[in-house]
Amino acid sequence: MKKTILISSTILTACVLMVPVVFSDDDRREYRQRSVGVAAATSPAYKEECSSCHMAYPPGLLPERSWKKIMAGLETHFGDNAEIDAESFKKISEFLAKNSADKSDYRRSQKIMRSLRADDVPIRISETPYIKKEHDEIPEKLIKYNDKVKSIANCNACHSKAEQGLYDEDGVNIPGFGRWDD
Ligand code: HEC
Ligand code: HEC
């Protein structure tokens with residue numbers, strides 16, 4: 001009896017000691033996301049204030065200087081008034097600055113950064129050279145003249161996991177057209 005307890009507790013201890021070297025599902029998911037995507041938006045204030053008209057764009061899709069410019073112009077935001085209260089403004093600005101593309105080591109964020117010149121301050125993700133290049137083979141009729149898409153800014157119309165920061169081809173489904181193979 002005692003021996004059994006000793007053996008099982010030895011096995012148990014060994015298992016506990018082994019845990020740190022075994023990768024959990026979360027680790028694997030994070031590794032995959034780092035290599036294929038950008039980090040998802042996590043700030044509750046950001047999600048609340050910046051996802052009523054479009055998806056909450058992951059902050060790693062633009063550099064800090066772009067987010068600053070966007071936040072400074074919320075009163076006249078792409079033809080809408082997207083002004084917010086001072087407290088949310090502060091929280092969201094801090095969140096965007098900390099998680100922007102120039103602070104991120106996620107692969108897509110770095111590709112976006114490499115496509116920009118140091119003095120480029122784009123306020124559209126859809127107009128950064130990297131994102132433009134990735135979509136330049138999609139015919140206009142599938143975007144502009146597609147009621148379920150309208151604009152490339154509508155990332156989640158085609159990328160089912162856009163809000164989570166995943167853009168690999170497996171997740172692409174263009175409304176009225178389907179999967180994209182090239
Ligand atoms: C009242 C509606 C509204 C709210 C609220 C709003 N936006 Fe927008 N936003 C728009 C519209 C409209 C566009 C242009 C979309 C298009 O061209 O298809 C846009 C576009 C954008 C784009 C550019 C997308 C692209 O790549 O072309 C960014 C970035 C953005 N918004 C950030 C924000 C942030 C940050 C907030 C929160 C502080 C916010 N938005 C809140 C209406 C809104
Ligand atoms: C009309 C549908 C559509 C919209 C809207 C769209 N995409 Fe895409 N996106 C695609 C397709 C299709 C591809 C694959 C292109 C290819 O492989 O030639 C793609 C590729 C990409 C890639 C490269 C993925 C890879 O594995 O190389 C990224 C990153 C991306 N999109 C991000 C975005 C972001 C960010 C937005 C919104 C600002 C967006 N997309 C909006 C259809 C769309």
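Buried means under 20% relative accessible area, exposed means over 50%, and partly exposed lies in between, using a 1.4 Å probe and protein chains only. This is a predicted model: local features need pLDDT of at least 70, side-chain atom pairs count only at pLDDT 80 or more, and totals for chains, interfaces and linings use all residues. Residues are numbered from 1 along each chain as its sequence is written, chains are lettered from A and ligands numbered from 1 in the order in which they are written, and side-chain values use heavy atoms, with hydrogens and water left out.

**Exercise 1. Classify Ala162 and list what it touches.**

Step 1: place the residue. Ala162 sits in the segment after α8. Helices (H or I, at least four residues) and strands (E, at least two) are DSSP runs, numbered from the N terminus.

Step 2: apply the cut-off. Ala162 counts as buried because its relative accessibility is 0%.

Step 3: list the contacts, meaning heavy atoms within 4.5 Å. Not counting residues up to four places away in sequence, Ala162 touches Met55, Pro58, Cys155, Asn156 and Tyr167.

Step 4: check a long-range pair. Ala162 and Val38 are 124 residues apart along the chain, and their C-alpha atoms are separated by 9.4 Å.

**Exercise 2. Summarise the fold in numbers.**

Step 1: count the elements. The protein has eight helices and zero strands. Along the sequence the pattern reads α-α-α-α-α-α-α-α.

Step 2: find the buried share. Of the 182 residues, 36% are buried.

Step 3: look at contact range. Take the contacts between residues at least 6 apart in sequence: 57% of them join residues at least 24 apart.

**Exercise 3. Locate the largest nonpolar core and say which domains supply it.**

Step 1: fix the term. A nonpolar core is a set of buried Ala, Val, Leu, Ile, Met, Phe, Trp, Tyr and Cys residues joined through side-chain atoms within 4.5 Å.

Step 2: size it. The largest core has 28 residues. Those with the most contacts inside it are Tyr46, Tyr57, Trp67, Ile92, Leu96 and Tyr167.

Step 3: name the contributors. The elements giving two or more residues are α3 (44-49), α4 (64-72), α5 (86-99), α6 (107-115) and α7 (129-135).

Step 4: assign the domains. Domain 1 (40-124) and domain 2 (137-182) both give residues to this core, so it lies between them. The domain bounds come from an automatic or database domain assignment.

Step 5: zoom in on Ile92. Leaving aside neighbours within four places in sequence, Ile92 is in contact with Ala45, Tyr46, Glu49, Cys50, Met71 and Ile84.

Step 6: look for another core. A second, separate core has nine residues, including Ile143, Ala157, Ile174 and Trp180.

**Exercise 4. Describe how α4 packs on α5.**

Step 1: choose the parameters. Two packed helices are described by the angle between their axes and the distance between the axes. Axes are lines fitted to C-alpha atoms, for helices over the stretch in contact, and angles run from 0 to 180 degrees between N-to-C directions.

Step 2: read the values. α4 and α5 pack at about 160°, with axes 9 Å apart.

Step 3: classify. That makes α4 roughly antiparallel to α5. The classes are roughly parallel under 35 degrees, roughly antiparallel over 145, roughly perpendicular from 65 to 115, and oblique for the rest.

Step 4: list the contact residues. Glu64, Trp67 and Met71 in α4 meet Phe89, Ile92, Ser93, Leu96 and Ala97 in α5.

Step 5: inspect the connection. Phe78 lies in the loop between α4 and α5. Phi of Phe78 is near 50°, a positive value in a residue other than glycine. Phe78 is partly exposed, at 40% relative accessibility.

**Exercise 5. Compare Ile143, Thr128 and Gly176 by exposure.**

Step 1: take Ile143, in the loop between α7 and α8. Its relative accessible area is 13%, so Ile143 is buried. Ile143 and Pro175 are 32 residues apart in sequence and 9.3 Å apart in space, C-alpha to C-alpha.

Step 2: take Thr128, in the loop between α6 and α7. Thr128 is buried, at 0% relative accessibility. Leaving aside neighbours within four places in sequence, Thr128 is in contact with Leu62, Ile112, Leu116 and Pro122.

Step 3: take Gly176, in the segment after α8. Gly176 is exposed, with a relative accessible area of 91%.
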